[in-house]
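Student: I should like to learn how to read the features of a structural model, one at a time. May we begin with a single residue and work outwards?

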Amino acid sequence: MDVEHEDSVYKPAIHFQGVSFEAGNTKILEDITGSFPAEQITVLVGPSGAGKTTLLKMCNGLVSPTSGQILLEGQEIDKLSPIELRRQAGMVLQNSPMIAGSVYDNLALPLRLQGKTLSKERALDILDQVGLEQTYLERDSRNLSGGQQQKVSIARTLLNESKILLMDEITSALDPSSLNEVEDLIWRLYKERGITVVWITHNLEQAKRMGQYAWIMVDGKLVEAGEISVLEHSDIPSVDRFLKGDFS
């Protein structure tokens, strides 16, 4: 199955087929069908409470759908082990948790949970990839800036060699300089590695700047998807209000 829009055809990295999710008697997601294209940056936007974070968490098994099916590169997600699933689809959150200890301790955590050891050479290499100097390896994680913590969190995710990077508002609390650094890092990783990125952001200018493809969600539904130009205007009233900033 390919994702088609106008003159472009993409292979899907993650495909949703009739996915819904309920918590108690509350519908969080309703009949989501669509794909995040492979080797593209898809921005996931919409008002607060649209279900974006819940949808993203489903992509690496943190939340399971009430109904419907999710395929990751053609494989049913519920048939993959949690370790394998999270190796393929790594997640970076808005407030990236840091364990007490050094940067090395934080980088080594996911491998340690797999019974593996992170070599100093590999740790230094991954720091270099995210633009942090070697001296950061032994720094106390509590003394890092917000931007530095996000870089460590991204590095930690990349150690799993994930083909898919899931990001939830990772720059919303950063100063402009740190925001630019993280955007530059994600763009470089996307270009050099050809990874698939799915990025939740409330910053429409960032979405237009960074994305090639966009999903727009309102009230738990996917209301529009396509090339990034869909963020310029819409004939759908709820989407048009969102794009004009009439509600957050």
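Tutor: Let us begin with Gly147, which is placed in helix 5. Please keep in mind that this is a predicted model.

Student: Is Gly147 buried or exposed?

Tutor: The cut-off for a buried residue is a relative accessible area under 20%. Gly147 has a relative accessible area of 4%, so it counts as buried.

Student: Which residues does Gly147 touch, leaving aside those up to four places away in sequence?

Tutor: Gly147 touches Leu174, Ser178 and Val182. For a sense of distance, take Leu166: it is 19 residues from Gly147 in sequence, and their C-alpha atoms are 17 Å apart.

Student: Ser178 and Val182 bring us to helix 6, I believe. How many residues does helix 6 have, and how far does it reach?

Tutor: Helix 6 covers residues 176-193, which makes 18 residues. From its first C-alpha to its last it reaches 25 Å, close to the 26 Å expected at 1.5 Å a residue.

Student: How does one read the two sides of a helix?

Tutor: The general idea rests on periodicity. An α-helix has 3.6 residues a turn, so residues three or four places apart point the same way. In helix 6, the buried residues are Ser178, Leu179, Val182, Glu183, Leu185, Ile186, Leu189 and Tyr190. They lie on the same side of helix 6, because they cover an arc of only 160° around the axis.

Student: Which exposed residues does the face turned away from the buried side carry?

Tutor: That face of helix 6 carries Pro176, Asp184, Lys191 and Glu192, which are exposed.

Student: What covers the buried residues of helix 6?

Tutor: The covering elements include strand 5 (41-45), strand 9 (164-168) and strand 10 (196-200). Helix 4 (120-129), helix 5 (146-158) and helix 7 (204-210) are also among them.

Student: What should I look for at the start of helix 6, and what follows it?

Tutor: At the start, look at Asp175: one of its side-chain oxygens comes to within 3.0 Å of the backbone nitrogen of Ser177. After helix 6 comes Gly194, which has a positive phi, near 65°.

Student: Let us turn to sheets. How are they read in general?

Tutor: Strands of a sheet pair through backbone hydrogen bonds, either parallel or antiparallel. One therefore asks for the order of the strands and the sense of each pairing. Here an open sheet of four strands has the order 4-3-6-7, and its pairing is antiparallel.

Student: Which strands stand at the edges of this sheet?

Tutor: The edges are formed by strand 4 (26-37) and strand 7 (75-76). Each has a single partner strand, so one side of each lacks a neighbour in the sheet.

Student: How many bridges join strand 3 to strand 4?

Tutor: Strand 3 (residues 12-23) is joined to strand 4 by eight bridges, and the two run antiparallel. Across this pairing, Val19 stands opposite Ile32, and Pro12 stands opposite Pro37. Strands 3 and 4 form a hairpin with two residues between them, and Gly24 in the turn has a positive phi of about 65°.

Student: What lies on the other pairings of the sheet?

Tutor: Strand 3 also pairs antiparallel with strand 6 (residues 67-72), over five bridges. There, His15 stands opposite Leu71, and Phe16 stands opposite Ile70. Strand 6 is in turn joined to strand 7 by two bridges, with Glu76 as the bridge partner of Leu71 in strand 7. These two strands form a hairpin with two residues between them, in which Glu73 takes a positive phi near 50°.

Student: How does one describe aromatic rings that meet?

Tutor: A pair of aromatic rings is described by the distance of the centres and the angle of the planes. The whole structure holds four aromatic pairs. One of them joins Phe16 and Phe36, edge-to-face, at 5.4 Å centre to centre and 80° between the planes. Phe16 is in strand 3 and Phe36 in strand 4, so this pair ties together parts 20 residues apart in sequence.

Student: Which other ring pairs with Phe36?

Tutor: Phe36 also pairs with Trp215; the centres are 4.4 Å apart and the planes stand at 45°, so this pair is tilted. Trp215 lies in strand 11 (residues 213-218), 179 residues from Phe36. Phe36 and Trp215 are both buried, and Phe16 is buried at 0% relative accessibility. Ring pairs thus link Phe16, Phe36 and Trp215 into a cluster.

Conventions: Residues are numbered from 1 along each chain as its sequence is written. This is a predicted model: local features need pLDDT of at least 70, side-chain atom pairs count only at pLDDT 80 or more; totals for chains, interfaces and linings use all residues. Side-chain values use heavy atoms; hydrogens and water are left out. The expected span of a helix is 1.5 Å times one less than its number of residues. Buried means under 20% relative accessible area, exposed over 50%, partly exposed in between (1.4 Å probe, protein chains only). The arc is that of the directions from the helix axis to the C-beta atoms. Contact means heavy atoms within 4.5 Å. A polar contact is a pair of N or O atoms within 3.5 Å; within protein, one must be able to donate a hydrogen and the other to accept it, and residues adjacent in sequence count only if both atoms are side-chain atoms. Two strands pair if DSSP finds at least two bridges between them. Rings of Phe, Tyr and Trp (its six-membered ring) pair if their centres lie within 6.5 Å; planes under 30 degrees apart count as stacked, over 60 as edge-to-face and the rest as tilted.
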